[in-house]
Amino acid sequence: MTEHRATTVDGWGEPRTKTVSWYDPSISAAAGVQRPGLEYLQALVDGLLPPPPIAELFGMNLASVSEGEAVFRCTPDETTYNPGGIVHGGLLCMMLDSACGCSVQTMLPAGVGISTIEIKVSFLSALRAGSGELEVTGKALRVGRQVAFSEAHARNGDGKLIGQATSSIALVRP
């Protein structure tokens, strides 16, 4: 966490805080090795496994999964702002990457992991807190033996397309 100054500059007001709690990430990681991808991710959706710490940090949740598809949701707040007063593109990129990766994970057998090789993100519109729930849907396009390809689309609370990505993903076999 960032350490705050002992005194505030005139006009800044009091610092705001955000508390983040999470569970031991090794619990979910161990379950991921034992279960096929779709079953593993469905257990996360159903709350049978603890969410990853990054999801807790940003208030993101894996809302639904099906074969070849994963949907994430998040309601950005001002803690995600960049210095210009808009949601940092890194939040959107992280969600697009997660949706791409999990869409591929749904199609993998137990024990096979994923690692992003590359991701190309197009930011189509600025996003601000108060614009509603962000929904990011990832779809697996092709899953090979060593590499998979996927895409994801992000929409704001009004359903407007605000970003999209394509991704190449390494399959990590035991």
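**Close-up views of the predicted model**

**Lys 139 is partly exposed, with a relative accessible area of 39%.** In these legends, buried means under 20% relative accessible area, exposed means over 50%, and partly exposed is in between (1.4 Å probe, protein chains only). The structure is a predicted model, in which local features need pLDDT of at least 70 and side-chain atom pairs count only at pLDDT 80 or more, while totals for chains, interfaces and linings use all residues. Residues are numbered from 1 along each chain as its sequence is written, and side-chain values use heavy atoms, with hydrogens and water left out.

**Glu 69 and Lys 139 form a salt bridge.** A salt bridge is a side-chain nitrogen of Lys or Arg within 4 Å of a carboxyl oxygen of Asp or Glu. Between the side chains of Glu 69 and Lys 139, the distance from N to O is 2.5 Å. Glu 69 belongs to strand E2 and Lys 139 to strand E4 (residues 134-143), so the pair links distant parts of the chain, 70 residues apart. Strands (E, at least two residues) and helices (H or I, at least four) are DSSP runs, numbered from the N terminus. Glu 69 has a relative accessible area of 23%, so this residue is partly exposed.

**Arg 73 and Glu 135 also meet in a salt bridge.** Their side chains come to 2.7 Å, N to O. Here too the pair links distant parts of the chain, with Arg 73 in strand E2, Glu 135 in strand E4, and their positions 62 residues apart. Arg 73 is partly exposed at 28% relative accessible area, and Glu 135 is partly exposed at 29%. Arg 73, Glu 133 and Glu 135 are joined into one network by salt bridges that share partners.

**Lys 18 pairs with Asp 77 in a salt bridge.** The closest N and O atoms of this pair are 3.9 Å apart. Lys 18 lies in the segment before helix H1 (25-34), and Asp 77 lies in the loop between strand E2 (69-74) and helix H4 (89-105), so the salt bridge ties together parts that are 59 residues apart in sequence. Lys 18 counts as partly exposed at 31% relative accessibility. Asp 77 is partly exposed as well, with a value of 30%. In total, the structure holds 5 salt bridges. Side chains of opposite charge can pair when their charged atoms come close.

**Pro 36 sits in the loop between H1 and helix H2 (37-45).** With a relative accessible area of 36%, Pro 36 is partly exposed. When residues up to four places away in sequence are not counted, Pro 36 touches Leu 108, Pro 109 and Ala 110; contact means heavy atoms within 4.5 Å. The C-alpha atom of Pro 36 is separated by 34 Å from that of Asp 158, which is 122 residues away along the chain.

**Is Ser 168, in strand E6 (residues 161-172), buried or exposed?** Ser 168 counts as buried, at 9% relative accessibility. Leaving aside residues up to four places away in sequence, Ser 168 touches Thr 116, Ile 117, Glu 118, Ala 148 and Phe 149.

**Arg 142 is a residue of strand E4.** Arg 142 is exposed, with a relative accessible area of 52%. Its contacts, not counting residues up to four places away in sequence, are Val 147, Ala 148 and Phe 149. The C-alpha atoms of Arg 142 and Ile 169 are separated by 10 Å, and the two residues are 27 apart along the chain.

**The whole protein, for setting the views in place, has 4 helices and 6 strands.** Along the sequence these follow the pattern α-α-α-β-β-α-β-β-β-β. The protein has a radius of gyration of 17 Å, close to the 16 Å that the globule rule gives for 174 residues, so it is as compact as a globular protein of that length. The radius is taken over C-alpha atoms, and the rule is 2.2 Å times the number of residues to the power 0.38. The C-alpha trace spans about 60 × 35 × 25 Å along its principal axes. Of the 174 residues, 33% are buried. Among contacts with a separation of 6 or more, 62% come from residues 24 or more positions apart.
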